[in-house]
Amino acid sequence: MQIEDARRLIASYLTGRPVSGEALAAACEMAKTDAEYIQYLKEELGLRSDWVSECDVFLSNLAEFGEMSSEERDTEMPGLMSHLAHCQSCRRAYWEVVPLWKPATAPGGGGPSVKRLAEGLVVVADTFGRVRQSGWGPSPEEVVVAAAAAGGEPAAAGLGGPQVGPHGMGPRRWVFRDEEGGCTIHLEVCGRESGGMAIGCRLEAAEASPATSARLRLEVRQVDNNVLFVAGPLANFLAAPLFLPWGEWLIRLLAAGAADTHVWEIPLSLEQENAHDDSHE
Amino acid sequence: MPHTLGERAVGVVHTLCGGIAGHGFLQPFVAQIARVLCRIVPEECLPAVQTSEDVMAAFASKGLTPPVLVDAFLDKMPGGVSAQVGAMIFAACLYPQRAWQTDRNTLGLRAEAFQAAWSKADSPLDALMRRLPPDVPADGVAQMAQDLSGADLARHDADRQSRRDGGVLYLMTCTPDEIRRMLHYWSDDAAFVRQFRRWVLSAPSCLAMTNAAGDRPDWEQVQAWLARHTPLDDGARRKAVNLEVTARGEARKWVKAPLVPQAITSFWDFVCERLTCGFPYYAFRSHFAWWWRQYLRNYRFSGEAQRQMGYEPCETLAAEPDARPKNDFWAVGLSPTELRWFREGYRLVRTTFFRRADRERATSNEVTDAANDGVRRVLDDIWYHRLETKMGMDEQLLPETIKHILEKHPGTPEQSIHTLCRRLRLRIWSYALARLGRLRNSQILSCRDPRRADRHPLAEEPGVLVVASLARMVPPEDSLLWAFTSHAFLYPMIVPQRPDPWPWSRYIRELWFWVSEETFEKALRHGAERGSLPDRAAVQLMQDDLFKQLLDRLRTLEGPEQVEQYVTGQALHEHRKRAADLLSNLVGRRGLQTCDASFLAAGRTAETNHWMVPVWYLAFVEQLAEAEALARLCIDETDEHRVRVLWAAMTRPTVLGSFAVTQRQEP
């Protein structure tokens with residue numbers, strides 16, 4: 001058998017034509033003498049050993065990337081930053097390794113213990129009020145309407161706030177746990193056809209948490225000038241959603257106890273879809 | 001090191017560096033190549049490394065010297081050192097990190113840093129020190145180099161020296177900014193890492209033998225034991241215990257409580273081997289606790305369970321930089337078995353190509369099926385010619401080949417041939433990555449082009465997820481026919497905009513391609529022995545006289561034309577009825593109900609369409625438990641919830657009812 005015959009037999013076999021086992025084995029033996037062809041065949045079949053998944057690259061740099069400053073990431077790992085923005089799977093891995101909260105300085109120094117979400121949320125709404133997350137903040141919870149309809153797991157616990165947005169689009173729901181503080185913050189964001197977004201917020205505290213017996217209060221500030229937009233006891237915002245226009249906001253949850261005050265801050269950017277922006281989550 | 005390097009292997013490495021090895025400065029590099037060679041090539045295979053080409057092939061086959069790295073060394077090394085040799089020396093110094101694991105930007109910066117040091121220095125340590133910015137303390141860097149490779153753990157002077165050199169060489173691959181950052185983490189964590197490597201080589205609860213078999217160790221007792229029996233200080237004891245607590249938390253997500261201690265032991269062995277082997281697996285590129293969490297996150301705790309189910313778990317290269325590619329460098333050629341995987345893969349991939357919707361709108365099943373088969377016959381010719389003729393990776397078909405195909409299939413636009421050719425390769429690649437590499441869908445989509453690291457070709461190709469999800473349905477050793485059959489019959493109902501009816505006669509024509517392959521029966525028997533229900537049923541069916549005669553006859557036919565002739569003249573109603581009875585017995589009433597077009601239509605969404613056939617097949621045909629099915633399909637965590645919902649919708653009777661209600665309410 002010549003190498004050309006071997007190639008023809010292998011190609012015939014792979015295309016589905018009948019080739020006897022004996023002839024195929026002989027063709028495989030003969031093909032070994034043409035290393036270049038074998039290399040070519042392996043490439044055609046996807047058997048190269050140097051396929052690299054960007055997810056694997058990201059996951060093998062997870063710890064280092066997590067501890068880098070944003071300037072360092074910009075200089076050294078711009079490719080991974082862009083991957084993280086687009087890959088939900090890696091974003092989830094990232095937030096499993098990186099602490100959700102980082103300490104923030106209270107205004108004027110000293111004072112209450114302030115924790116800020118390590119990466120702010122960017123929520124984008126299109127002209128119909130349908131929302132999606134942008135950037136690489138923590139991912140919203142997976143809400144599959146069929147689950148509730150099908151009697152599977154219930155949809156995320158409903159807040160008093162927005163339940164269903166325009167065009168039947170459900171809200172985006174985030175659950176932020178603070179293991180140290182023994183509490184969980186639920187945040188819902190829902191688009192509105194009239195512009196801006198509706199926000200729902202709730203805090204769940206474990207029995208041992210200082211937040212259990214504390215007075216809970218919600219504040220929303222504009223990021224650029226730190227002006228207070230709205231404030232009041234958290235309970236006031238449970239029954240009806242809070243409407244926020246486009247812009248950058250800082251949502252602050254304050255738990256004022258007898259001894260001390262704890263504050264959780266969530267930077268939230270509400271954006272309108274740019275007609276020319278074709279990036280999708 | 002797990003095995004020491006024989007003198008002959010050192011000789012080979014020296015020969016490799018022949019022209020430049022006379023320079024004393026190169027000795028640490030040569031020694032480093034030899035160390036890495038011993039690490040990546042199993043001891044029993046070392047004798048096969050005979051020539052300098054073998055050494056380079058070993059590095060290349062383990063993914064250490066990808067083309068992108070060789071490109072970074074083109075014309076950059078002084079003294080006549082070739083780009084391949086330069087890349088290999090760099091790869092050896094970088095090990096266990098790999099060029100592919102770095103961001104493209106970082107790789108360029110690090111290669112430049114290395115080249116700068118190489119050209120200016122006469123010893124690696126001097127070169128490194130000269131390059132340090134003034135604010136970086138030289139003594140700290142020298143000490144860090146020792147800690148990087150665990151030089152203090154070496155028993156012999158020679159080993160200690162080579163480990164120390166290895167640490168220095170690793171730092172030579174780092175930029176000054178990186179070294180500054182590493183020093184920061186080193187100053188925080190080095191003392192603990194030294195203690196950990198010496199005294200905590202087993203999980204603390206195991207060391208203390210405290211409730212080791214249970215899931216809830218008494219941590220106070222563990223701390224007390226550590227205080228009595230180890231020189232660990234208070235902080236180090238707390239840290240060690242915290243590491244185990246974190247590990248147990250992660251393990252509990254993947255394995256049942258009684259198996260947690262065993263899983264922790266495996267994980268601890270895995271990590272400690274890397275911490276003590278003399279290569280900088282933990283390279284102070286983050287705090288130790290972060291690195292630990294990264295390893296935990298990427299470690300497959302469920303791997304053992306998967307192995308018990310009879311197939312290899314999805315390997316995460318990120319967790320295990322030593323994960324070896326399937327094709328070792330000494331495995332020259334392709335075996336008939338490997339070729340069978342791709343013959344089956346092509347049959348599957350073929351069904352993901354359709355006649356364009358805007359051409360000759362189908363008026364009946366027959367017209368549609370003929371139109372699709374027409375496109376697929378063009379595809380057959382493209383595939384045959386691609387495989388038969390050697391072409392470069394990015395090259396299109398040769399002009400004479402295109403001309404030949406156009407003559408054979410008049411009316412086919414030339415542009416379609418180019419498009420089909422490109423898409424076919426991408427889909428075959430995704431099949432290989434899914435079936436043999438067991439990569440998850442997100443990993444497949446984010447694969448870089450092996451030749452052009454800035455491109456992710458699979459992310460842009462529709463149909464990749466359908467192929468990838470189907471390819472994992474059965475282990476490679478088994479036949480893919482039943483997975484193919486499920487897809488052929490069900491998928492057109494899930495995506496009705498792509499009509500592709502499979503009347504019985506067409507299926508028999510397709511069956512010929514499968515049964516005329518000589519190892520088909522062997523693969524079925526293998527599956528049946530492994531416990532695969534459809535393979536068992538098929539083996540039984542083949543004993544049935546009616547089917548035995550049909551299959552024997554099909555095997556005597558020599559080409560599609562003869563098959564066509566045979567099928568046209570045959571009454572195959574009885575075969576069809578028996579096959580339907582068999583299917584009905586196998587999948588049961590619920591399995592059949594879910595084959596209903598209206599049911600499938602009710603559950604389809606863009607995110608789950610490609611999972612519907614695999615879920616149906618594993619739930620009703622293979623009848624696996626949910627967890628086992630999910631493990632086999634290597635589902636991304638982000639898809640898990642959707643797939644579980646789909647599983648529940650298909651398998652739970654009450655859910656089936658609600659799904660039907662949902663369907664009826666749809667306009």
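In the predicted model, helix H8 of chain A passes helix H15 of chain B in a right-handed crossing. The two helices, which span residues 88–97 of chain A and residues 288–298 of chain B, have axes that come within 9 Å and cross at roughly 135°. H8(A) and H15(B) are therefore oblique to each other, since an angle that is neither under 35 nor over 145 degrees, and that lies outside the range from 65 to 115, is counted in this way. On the side of H8(A), the contact is made by Ser89(A), Ala93(A), Glu96(A) and Val97(A), and on the side of H15(B) by Trp290(B), Arg293(B), Gln294(B) and Arg297(B). Sorted by class, the residues in this contact comprise three nonpolar, two polar and three charged ones.

Chain A, to which H8(A) belongs, has a secondary structure of ten helices and 13 strands. Of its 281 residues, 51% count as buried, and the chain exposes about 12,200 Å², with carbon and sulfur atoms supplying 51% of that surface. Among the contacts in chain A with a separation of 6 or more, 56% are accounted for by residues 24 or more positions apart. Helix H7 of chain A, covering residues 78–86, has Gly79(A), Leu80(A), Met81(A), His83(A) and Leu84(A) as its buried residues. The cover over these buried residues of H7(A) includes helix H4 (54–60), helix H5 (62–67), helix H6 (70–76) and H8 of chain A.

In chain B, the secondary structure comes to 34 helices and one strand. Buried residues make up 57% of the 667 residues in this chain, while its accessible surface comes to about 27,700 Å², of which 52% belongs to carbon and sulfur atoms. For contacts in chain B with a separation of 6 or more, the share due to residues 24 or more positions apart is 71%.

A helix pair within chain B is formed by H8 (residues 138–149) and H10 (residues 176–199), which pack at an angle of about 50° with their axes 10 Å apart. That angle makes H8(B) oblique to H10(B), and H8(B) passes H10(B) in a left-handed crossing. The contact draws on Gly140(B), Val141(B), Gln143(B), Met144(B), Asp147(B) and Leu148(B) of H8(B), together with Ile179(B), Met182(B), Leu183(B), Trp186(B), Ala190(B), Arg194(B) and Arg197(B) of H10(B). By class, the contact of H8(B) with H10(B) contains eight nonpolar, two polar and three charged residues.

Several individual positions of chain B may also be described. Glu220(B) is placed in helix H12, residues 219–229 of chain B, and counts as exposed because its relative accessibility is 69%. The C-alpha atoms of Glu220(B) and Val375(B), which lie 155 residues apart along the chain, are separated by 70 Å.

Backbone features are found in the loops of chain B as well. The peptide bond from Tyr95(B) to Pro96(B) is cis, with omega near 10°, and Pro96(B) lies in the loop between helix H5 (83–94) and helix H6 (104–120). Arg438(B), although not a glycine, has a positive phi of about 50°; this residue is in the loop between helix H20 (414–435) and helix H21 (441–445), and with 6% relative accessibility Arg438(B) counts as buried. Gln623(B), which is likewise not a glycine, has a positive phi of about 55° and is located in the loop between helix H31 (609–621) and helix H32 (626–633). The relative accessible area of Gln623(B) is 40%, so that this residue is partly exposed.

Definitions and conventions:
Residues numbered from 1 in each chain as written. Chains lettered and ligands numbered in written order. Predicted model: local features only at pLDDT ≥ 70, side-chain atom pairs only at ≥ 80, totals over all residues. Heavy atoms only, no water. Axes fitted to C-alpha atoms, helices over the stretch in contact; angles between N-to-C directions. Helix = DSSP H or I, 4+ residues; strand = E, 2+ residues; numbered from the N terminus. Left-handed = near helix turned anticlockwise from the far one by under 90°. Contact = heavy atoms within 4.5 Å. Nonpolar A, V, L, I, M, F, W, Y, C, P; charged D, E, K, R; others polar. Buried < 20%, exposed > 50% of the residue type's maximum accessible area, 1.4 Å probe, protein only. Areas by Shrake-Rupley, 256 points an atom, 1.4 Å probe, with all protein chains shown as cover.
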